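Reader: Could you take me through one part of this model up close? I'd like to see how a pair of helices sits together and what lies around them.

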Amino acid sequence: FSVLVTFAPIWVPLFLLYFFWFFWVLYVRANFFKKQDYTVLVVKLPREILKSPLAMESVFMGLHQSGGEATWFDRSILGKTRTSFSLEIASIEGEIRFFIRTRAFWKEVVESQIYAQYPEVEVVEAEDYTKMVDFDLKNIAVWGCDFKLKKPDPYPIKTYVDYGLDKDPKEEFKVDPMAPMIEHFGSIGKGEQLWIQFMIRVNKDEKKKLGTLFGKTGWKDEAQDEVNKLMKRDPKTKSSKELSPAGFQIMPNLSKGEQEIISAIERSITKLGFDVGMRGIYLAEKDKFRPVNIVGLLGVIKQFNSNTLNQFSPARYMIPFNYAWQDYKNTLQNRARRRVFDAYRRRSYFHYPYKTPPFVLNTEELATMYHFPGSNVKTPTISRVPSKKSEAPSDLPI
């Protein structure tokens, strides 16, 4: 205590400066967000889409935009942030729609990237469907959670390449990893809604490096560290840590599974990366709420899990309690319901008020989890345009 008092003239001003700076950045950033105009785009699908998820991967490459916060002045004085996009799939009483929520400034960019790969679709502005829900826990029941990766970011999930969709098989032979999700979303009834959201922004090397005060690291550096661990290599010399009695390096005898893991990690980091926040919500009128749809929401994510690489798991918000007295009158659960719903509606993940550590997915992984399904997905309630667009004949009279 006496030491603290002695050095108070040093640490108290520093603490107050940090306190002021923290809230100053919050203020200027909130002011920046307030000035932005946002738009919600709905993508209306044609009856047939014959392209593989590789087309959607090309869309994400075009959305890999890191501008807006290039300098310290932009970030800390003006409160600017690089843009984020919210990719959403919503089932409203069984009718499935694909949404993209973005700043109005990026509307034309999003449209052009989608039309470049999917000229048959229609992209139109729509009302924000989340604002059409009257959030009153007396009338509706809500369950929601965020998702996280079980292993470090460099370990990829199961992608469309693993399902053979990179080879563009015939439509009747395609196994679309999104099909179980679409089918489950289409099975809910009147008074029920299922939403899933992927918040994305360009990944930068912003993660704090362990063992340093100001050092930063990124997912590609983490990938190299994981490869070094698997191969038992010294990270500085890239040589084996194991030596023979004569002093020669002993190359690790890797199993076929370990070789495949290393190959998958190295292939994953060759593609562009996004910070991702993933969130799902099930809500319904109280008399129509069916807990089996919670199980279904968690189950459809398993299509992207790999036993040897990476998997998704629920992370926060609706954590169950074992005994009634742990949550008196559902106080904590109701607070979690309000928070997860508000976080979804605000599309808040990378910044306050619901700042949460994101994970990293590359364009291939994102395209696996969010793409426009082809005609092999037969769910009748998926929203599709009744007719196919085509150009007018060139010989029409003027």
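Author: Here is a walk through one helix pair, followed by the nonpolar cores.

Keep in mind that this is a predicted model. The pair to look at is helix H7, residues 219–231, and helix H8, residues 256–268. Their axes come within 10 Å and cross at roughly 165°. With angles over 145 degrees counting as roughly antiparallel, that makes H7 roughly antiparallel to H8. As for the hand of the crossing, it's left-handed.

Now for the side of H7 that does the touching: Trp219, Ala223, Glu226, Val227, Leu230 and Met231. They meet Ile261, Ile262, Ile265, Glu266 and Ser268 in H8. Sort the residues of this contact by type and you get eight nonpolar, one polar and two charged.

Next, the cores. The largest nonpolar core has 78 residues, and the members touching the most others are Phe60, Phe98, Ile114, Phe312, Tyr370 and Phe372. Strand E9, residues 273–285, gives this core its largest share, seven residues. Zoom in on Phe372: setting aside residues up to four places away in sequence, Phe372 touches Val43, Leu45, Ile49, Met56, Phe98, Ile114 and Tyr118.

So where does the helix pair come in? A second, separate core of 13 residues includes Ala223, Val227 and Ile261, along with Val360. Ala223 and Val227 belong to the H7 side of the helix contact, and Ile261 to the H8 side.

Terms used. Residues are numbered from 1 along each chain as its sequence is written. This is a predicted model: local features need pLDDT of at least 70, side-chain atom pairs count only at pLDDT 80 or more; totals for chains, interfaces and linings use all residues. Side-chain values use heavy atoms; hydrogens and water are left out. Axes are lines fitted to C-alpha atoms, for helices over the stretch in contact, and angles run from 0 to 180 degrees between N-to-C directions. Helices (H or I, at least four residues) and strands (E, at least two) are DSSP runs, numbered from the N terminus. Angles under 35 degrees count as roughly parallel, over 145 as roughly antiparallel, 65 to 115 as roughly perpendicular and the rest as oblique. A crossing is left-handed if the near helix is turned anticlockwise from the far one by less than a right angle, and right-handed if clockwise. Contact means heavy atoms within 4.5 Å. Ala, Val, Leu, Ile, Met, Phe, Trp, Tyr, Cys and Pro count as nonpolar, Asp, Glu, Lys and Arg as charged, and the others, Gly among them, as polar. A nonpolar core is a set of buried Ala, Val, Leu, Ile, Met, Phe, Trp, Tyr and Cys residues joined through side-chain atoms within 4.5 Å. Buried means under 20% relative accessible area, exposed over 50%, partly exposed in between (1.4 Å probe, protein chains only).
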